[in-house]
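This report covers a protein–DNA model in three parts: the surface near a DNA strand, one helix residue, and two loop residues. The sequence and structure are shown first.

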Number of protein chains: 2
Amino acid sequence: MDNISQSIGGPPDGAEATGTVLDEFVSYGLRRASNAVQSDLARALRDIDLRLVTMSVLVVIAENPGLRQSQLSDILSIERPNLVSILDELESRSLMSRTRVPTDRRAYALSVTEEGQALADRALEVTREHEERVFGGLDAATRRLLRTAILQVRFAAGG
Amino acid sequence: MDNISQSIGGPPDGAEATGTVLDEFVSYGLRRASNAVQSDLARALRDIDLRLVTMSVLVVIAENPGLRQSQLSDILSIERPNLVSILDELESRSLMSRTRVPTDRRAYALSVTEEGQALADRALEVTREHEERVFGGLDAATRRLLRTAILQVRFAAGG
DNA sequence: TATTGTTATACTCTATAACTATA
DNA sequence: TATAGTTATAGAGTATAACAATA
């Protein structure tokens, strides 16, 4: 209930964020950081009329022409029903198209249009700028360690 | 478009996660990790009938008796309107109460009940177990570095 | 005038059950 | 019978405008 004991000894390893017990938890800091980072990226993508989801979907289709919706769903962990409106949006903007697969008429092969490819490229640029803005302050070693730690954590949490 | 270059030289620093360009971005890994971690914590808290928000609100009130709603809103970055139903829920479960402040009759002083204090303590235990489960695999140095990096990033992203 | 808590509302993201058409 | 895509729907989480009571 008092935090005198921890605050003695000068600035610790950046312990204060909200000034509550919650600062003790990596989990809580991770959530706040992730929200802030996502907001920054979302803001940047708004300039090219993309959301986080539409960006990742467009980019993954551009990278894997012929992909099925169910595969896309697995890769990005987006539930199949939720993918439908996302693809509808991209398709109505002429950024990608669904083509019937002759060998399996239940499925669609997804592919980007020229316009979609151009926007995907632009989206990657925007995202790289964002990464530099947000993670550029970390030195290379820390950045590498962050990537590794994040993957380990993601695995440990079953994601 | 090919990732042969990176994959030569044995297991790199855990580069593969979705197998797409998105793996290049710390931002994306951070989001996926944060989601997985939050899911794990949410699952654990469900056993004591708390959500992530209700947990953090309860814990912060327990730590700061007499807190105003607007202060709580600032600390947890929850919009004041969204706080109302959260507090209604906790109050209806007799975990906390709103008391009129005599010196400023617009405001409420928030405080936990005995029952609320007990649940807050239990919630901290549950959260510590979760932290151990999810971040226990990281050595102490990495864990410390992760906390620091997260704070830096949160600051850089304006969170 | 400004602030505290509130109401109403809306938008995004996510999750599930059930349908259709194919396999 | 199982799978691919779809529809409908519901629940969180989050954000904003506007109001009443009080400062």
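## Basis of the description

Helices and strands, as named below, are DSSP runs numbered from the N terminus; a helix is a run of H or I with at least four residues, and a strand is a run of E with at least two. The model is predicted.

## The surface near DNA strand C

DNA strand C is surrounded by 18 residues. The closest come from both chains: A:R51, A:N82 and A:R105 from chain A, with B:S70 and B:R106 from chain B. Of the atoms of DNA strand C that come within 4 Å of the protein, 54% belong to sugar and phosphate. By residue class, the surface near the strand comprises nine charged, six nonpolar and three polar residues.

Several secondary-structure elements each supply at least two residues of this surface. In chain A they are α5 (80-92) and β2 (104-112). In chain B they are α4 (69-76), α5 (80-92) and β2 (104-112).

## Polar contacts with phosphate oxygens

Both chains place polar atoms beside phosphate oxygens of DNA strand C. From chain A, a polar side-chain atom of A:R51 lies 2.2 Å from a phosphate oxygen. From chain B, the backbone takes part: a polar backbone atom of B:S70 is 2.7 Å from a phosphate oxygen of the strand, and a polar backbone atom of B:Y108 is 3.2 Å from a phosphate oxygen.

## A buried threonine in helix α7

B:T142 belongs to helix α7 of chain B, which spans residues 140-156. Its relative accessibility is 13%, and B:T142 therefore counts as buried, the limit for that class being under 20%. Apart from neighbours within four places in sequence, B:T142 is in contact with two residues of chain A, namely A:L145 and A:A149.

## Loop residues with positive phi

Which loop of chain A holds A:D49? A:D49 is found between α2 (26-46) and α3 (52-63). Although A:D49 is not a glycine, its phi is positive, at about 55°. A:D49 counts as exposed because its relative accessibility is 56%, and exposed residues are those over 50%.

In chain B, the loop between α5 and β1 (96-101) contains B:S94. This residue, likewise other than glycine, has a positive phi near 60°. With a relative accessible area of 39%, B:S94 is partly exposed.

How values were computed
Residues are numbered from 1 along each chain as its sequence is written. Chains are lettered from A and ligands numbered from 1 in the order in which they are written. This is a predicted model: local features need pLDDT of at least 70, side-chain atom pairs count only at pLDDT 80 or more; totals for chains, interfaces and linings use all residues. Side-chain values use heavy atoms; hydrogens and water are left out. A residue is near a molecule or strand if one of its heavy atoms lies within 4 Å of it. A polar contact is a pair of N or O atoms within 3.5 Å; within protein, one must be able to donate a hydrogen and the other to accept it, and residues adjacent in sequence count only if both atoms are side-chain atoms. Ala, Val, Leu, Ile, Met, Phe, Trp, Tyr, Cys and Pro count as nonpolar, Asp, Glu, Lys and Arg as charged, and the others, Gly among them, as polar. Buried means under 20% relative accessible area, exposed over 50%, partly exposed in between (1.4 Å probe, protein chains only). Contact means heavy atoms within 4.5 Å.
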